[in-house]
Every structure is written in structure tokens, then in C-alpha cells.
Amino acid sequence: MANESPKQHQLEAKRKRLTWILGVSGLCVLFYVLGAWQHTATPTNLAQSITKVACDVSNLSGVSSNPSSQSAVLDFNSHHQIQINKTDSVNEIPPCDMSYSEYTPCQDPQRGRKFDRNMMKYRERHCPTKDELLLCLIPAPPKYKTPFKWPQSRDYAWYDNIPHNELSIEKAVQNWIQVEGDRFRFPGGGTMFPRGADAYIDDISNLIPLNDGSIRTAIDTGCGVASWGAYLLKRNIISMSFAPRDTHEAQVWFALERGVPAMIGIMASQRLPYPARAFDMAHCSRCLIPWHQNGGLYLIEVDRVLRPGGYWILSGPPIHWKKYWRGWERTEEDLKQEQDAIEDVAKRLCWKKVVEKGDLSVWQKPLNHIECTASRKILKTPHICKSDNPDAAWYKDMETCITPLPEVSGSDEVAGGVVEKWPARAFAIPPRIRSGSIPGVNAEKFKEDNDLWKDRMAHYKNIISPLTQGRFRNIMDMNAQLGGFAAALVKYPVWVMNVVPANSNPDTLGVVYERGFIGSYQDWCEAVSTYPRTYDLIHAGGVFSIYQDRCDITHILLEMDRILRPEGTVIFRDTVEVLVKIQTITNGMRWKSQIMDHESGPFNPEKILVAVKTYWTGQAKQKQQ
């Protein structure tokens, strides 16, 4: 070896390297072939397991009854081949007692009675403490049926789904709601529109432009069963209707059962959970809100959420009091005094009285605050708020000061920027983005987001057939961001409650409204201001990565189960690790689910979990036992 030449040594080293390279290459080829062979195995299809449920899931949960089309219609298979959640030990979450079938955790009447009745504070949100949280599934009533499809649902709802006939008796003369056999019928009447909501809206359209796309978002304070919002929809105007859970039992519930946007809410001591400059129009039809009291606090809040140039419409007391004062059982002096006080508050807010005709009065908010700021030298109150985030609205007390509008350079300029008319508004660059008010989001990012949602929707349509077949009506996006999901659904007969988690940075709910959609702030460690079984589809993109370290995700999933209708669908988007945690819990919640690849392919670390809540009722559970 000592006499071996350097050349022979180099040849030997080269042979060793070549052998090593060939060996590694061979192993790579071997594992590739094994992987390709394994990939050809057909995993178990969720559709097959769902069909074992004792109900007609083929039409109601998005699973095709045609076996040959199952993989195309609802393919929940996980193509990245990671076998998970195969353990036989599943923590089954039991059903709650039937007495909780209508449970609204943060608007529970029994809990509310413990709080101050001043300014109706006891009807605001009062959520259960950690020790009071339920660890059970809210049951559907024994004879629960899938709601009517839109647009039939506007006029009909099943009695067994909301077994309350109080409104049909109390409001019989006003045509709010009628019981007809096994269903409710909604004739479209209201306290101040006995000829029906359609005729009433026609009267409004004679006073302000409802039909040219300039008015898109509306808010209805004290909405009843939301017939005003229901009939605005055919004019491409979407209304956020709200009312408290009060003696008019289930009015908001009826609205949602009809497929009309609504929330449980009240004007009391806290701001409404919406950003500033959100609505093009606000409406009160005998809503019983004391607009002139507390220093005009409630009109000041309406001013905060109205867009510059937006309209406020008032009908009912005290409007047209000379005609109705006897029927209202109030004195002429009292009603005149109330109207004078409302007129005074509106003047101090710099609103212009547009018209008073018949039963309707209409005011308009100014385009900017140039003249309003100057008028503070004469009108000392309410003053303009100094340093305040106008969009802050989650458990934020109302204030008796005017929310300032963004500065402008001329008296004709719209503060905050002009929005396009609907439907161009849905995809036009929102003013908040144009002005650079949303950190990290510019026009290019906005366009990229729209393109991203086109790809996502194409993928969703392939895996969830009911998305385009009229099965879904009420949809919630738990983390709406720029409202891309709602925009991608704009051509379908659905509406989306766009939720932006409270205290998000950046706060994008204002952008959602500027696009012509509606939504709310929400802390997902708490319950939503809605009744059980009010949404057909819930989209949860990245929500659990945000909240997994803030609160127990089991309670978030139980809240999703509470508001999801039987046989409703949930789309989760998150990392595999988070989705595995979610699926482990939902396996014990009577949900069927499957983890799938991202629309861009198996190499994206974000995955999709699609879940279907199976049909069961309280009675069915008791019989089974």
C-alpha cells in the first residue's frame, strides 16, 4: 500500500463515490415507486359513512345519491396519505337537555335579569363565565325539518322548527306572521306598513334613490321578523336587521329561518358591533327606541355607523302624530315635544331634513364635517370626539360626541372616499384600501385576494355540490378578512355574515362594508348573538390558529355546532396539526369529516377539513336510549 501511486488512489475514491451515488439513487427510485403504488389505493369515502345516518342525507348534506358521482361531488379524501384519527377511543360529547334547545348563551333571559335595567343594559350581551359553559350539544326540536329553500323561505317556515305562535297572536292585525297548519306564513306586513313591506319600500323609493345601486347596505333597528330587509333583497339592498331577545319571542329567529340577515342586538349602553361609516341607510319603523333621550345618544350612534351622505328613515311615533295620536294613546303635546326633540338632535348632528311625507320622515348625514366643525362655535353639544377609534365597537360604550369623519379638501368631497354603485362596488378597490388606511393591504394585494378566492371557489364547487345548488342560504365566514368569500359567492342566492375577530390588526370590517357586504365583530371565545340552528354553512379559515392559545377550542366547536343547522357544512382551513385537533373533537360531536389537500396541491402546508353535521334531534336521542 505504501508503494501505491496517487493515481490509483484517486480512481479508488471515485469508484466509492460512484457506488454511493448509485446506491442513493436506487433507494430514491424504490421509494418513489412505493409511494406511487400506495397513492393508487382508494381511501374510504366520507359519503359512504354518512349514508349510514338514519335520514335522507343524499339530498341534504351535499352527498350525491349516485355512487358513480360521489368522488366528484363530495370527495373528502386526504391525498397526502397521512393516516390520522384512527384511534377507537373518541370522547363522545352528550346532548344537552331539551330545555336548552333554544339556548342563546350571551342573551340568556335568566342571566340577563341579574343586570341593571337602566338603559336596557340587562338585554345586552352577558356571556356565561368559564364555569358556566356547557359541555354538551344543543338538541334540535323533535320534529325539526330542513328549512324551505330561498326564495320560498322568505314567505314560509316550519312550525316545528320554531314552535312559537306568540307573534301570530299578538301581531295578528298587523300581518307580521300567521300560522297555517304545519307552517308559518309571513305576509310581509308590519306595524307601520299594513299594505305590506313591498308597498312601504315603494313609498321610500319615491323619496330617496333605492333602485340605482347607490344604496346597498342598510341597518334596521328593531326589525320585527325582518320583512323590510326581506323585501329589500330583490332591490339588491342587503340589510342588517337586529332586535333584542325580549317579549316578542323569536323575532330574530324567524328572520334567520326565512333566510334574511339578522342578529340579536339592542341599542342600550354599548356601541353596535359594526364599524364606522358602514351603512348607506338606517331605518326605524316604530322601533320604540328613545331617540331624543340620553343626550341623543342613540342617534349619535346611528350617525357613527352611517356612511357620509347616508339616510335615516323614521316611521311611527312621533311621525305624523296629528293623525295617529289617539291610536298611540299619547297626548298631542307629548308627541309634538318628542318630534321637536328628535329634530333638534338631528340638527346638532348636522343632518339635513330631506322630506316628511305621510308616515315617513327622512334625514341625510352630511358628506363631510367641514360645516359641522365650524358650527360647533354655535352648537356646543354634542362636541366632536377628540381621540377615538371610530371603528372600535366590541364592548365599547357609546359616547355623546360626534364621531369625526376623515378630513377632506373641499365641501363637495365625500369624507373617506366615494364607493362605486352596486354591483361594481363588490370588486372595486374600497376607499379604505385606496387611502392606505389598512396596514399591509394595497390595491395589488386586494386584487390578489380576489384571484385567490376565484381559485378557492372553483375548488369548493368541486367538493361541496350544494354550494351552487341552492342548498345553502345563510353562510357565516368566521374570519372574513377582506370579504373575498362573500364576493366569490355574489352570483349565488346566498348571503354571508362576514365576521372579523374583535381587536384584529388590521381591522378589515370597514373594507367588507365598503364592498357592499355586511358583517360583525366577534370574539370567538364567546357565543354569537344568534339563535341555535341559524346557519347552513360556516367557513373557518385560520380561526383556530388564532384562538387555540386563547381559549378551549372545544367550546368554539360547540358554539359552531349550536348555530349550525342539522346537515349543515363547515369548511376549516388550517395546518394539519390544528385540523387533527379539530377532527378529534368533532368525531365526538356527531360530525362526519375528512381532511383534504389545499387547492394548490399536496405540497401546501395548509389543508382543508370539510365536515357535515349529521341529523339528530332531542327526541331521536331519547328514543335511541
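I count a residue as buried when its relative accessible area is under 20%, as exposed when it is over 50%, and as partly exposed in between, using a 1.4 Å probe on protein chains only. I take helices (H or I, at least four residues) and strands (E, at least two) as DSSP runs, numbered from the N terminus.

**Entry 1: ground rules**

I am reading a predicted model, where local features need pLDDT of at least 70, side-chain atom pairs count only at pLDDT 80 or more, and totals for chains, interfaces and linings use all residues. Residues are numbered from 1 along each chain as its sequence is written, and side-chain values use heavy atoms, with hydrogens and water left out.

**Entry 2: strand E8**

I began with E8, residues 306–315. How many residues of E8 are buried? I found ten of the ten, so the rest of the structure largely encloses this strand.

Next I looked up its partners. I call two strands paired if DSSP finds at least two bridges between them. Strand E7 (residues 279–285) pairs with E8 in the parallel sense, over six bridges. Across that pairing, Phe279 stands opposite Leu306 in E8. E8 and E10 run antiparallel, and five bridges join them. There, Leu314 has Ser361 in E10 as its bridge partner.

I also checked how the chain crosses over. E7, H10 and E8 make a right-handed β-α-β unit. Right-handed here means that, with the strands pointing away from the viewer, the path from the first strand over the helix to the second runs clockwise.

**Entry 3: helix H12**

I moved on to H12, residues 332–348. It has 17 residues and reaches 24 Å from its first C-alpha to its last. That is close to the 24 Å expected at 1.5 Å a residue. The expected span is 1.5 Å times one less than the number of residues.

Which residues of H12 are buried? I listed Leu335, Glu338, Gln339, Ile342, Val345 and Ala346. Seen down the axis of H12, the buried residues fall within an arc of 120°, so they line one face of the helix. The arc is that of the directions from the helix axis to the C-beta atoms. I noted a general rule beside this: an α-helix has 3.6 residues a turn, so residues three or four places apart point the same way.

On the other side of H12, I found Glu333, Gln337 and Lys347 exposed. Then I asked what covers the buried residues of H12. The cover includes helix H10 (297–305), strand E8, helix H11 (321–324), strand E9 (352–357) and strand E10 (360–364). So E8 turns up again, as part of this cover. Contact means heavy atoms within 4.5 Å.

**Entry 4: disulfides**

I searched the whole structure and got six disulfides. The test is a pair of cysteine sulfur atoms within 2.5 Å. A disulfide is a covalent bond between the sulfur atoms of two cysteines. With the bonded cysteines numbered in sequence order, the pairing is 1-4, 2-3, 5-6, 7-8, 9-10, 11-12.

I followed one of them from the end of H12. Cys350 comes after H12 and has a positive phi, near 75°. Cys350 forms a disulfide with Cys372, with sulfur atoms 2.0 Å apart. The torsion about their S-S bond is about 80°, so this disulfide is right-handed. Cys350 sits in the loop between H12 and E9, and Cys372 in helix H13 (residues 370–375), so the pair ties together parts 22 residues apart in sequence. Both Cys350 and Cys372 are buried.

I then took Cys284 and Cys287, whose sulfur atoms are also 2.0 Å apart. This link is left-handed, with -95° about the S-S bond. Cys284 counts as buried because its relative accessibility is 2%. Cys287, at 11%, counts as buried too.

Last came Cys106 and Cys127, with 2.0 Å between their sulfur atoms. Their link is right-handed, at 110° about the S-S bond. Are these two cysteines buried, exposed or in between? Cys106 is buried at 1%, whereas Cys127 is partly exposed at 22%.

**Entry 5: strand E14**

I closed with E14, residues 535–541. Seven of its seven residues are buried. E14 pairs in the parallel sense with E11 (residues 474–477), over three bridges. E14 also pairs in the parallel sense with E15 (residues 564–575), over six bridges.
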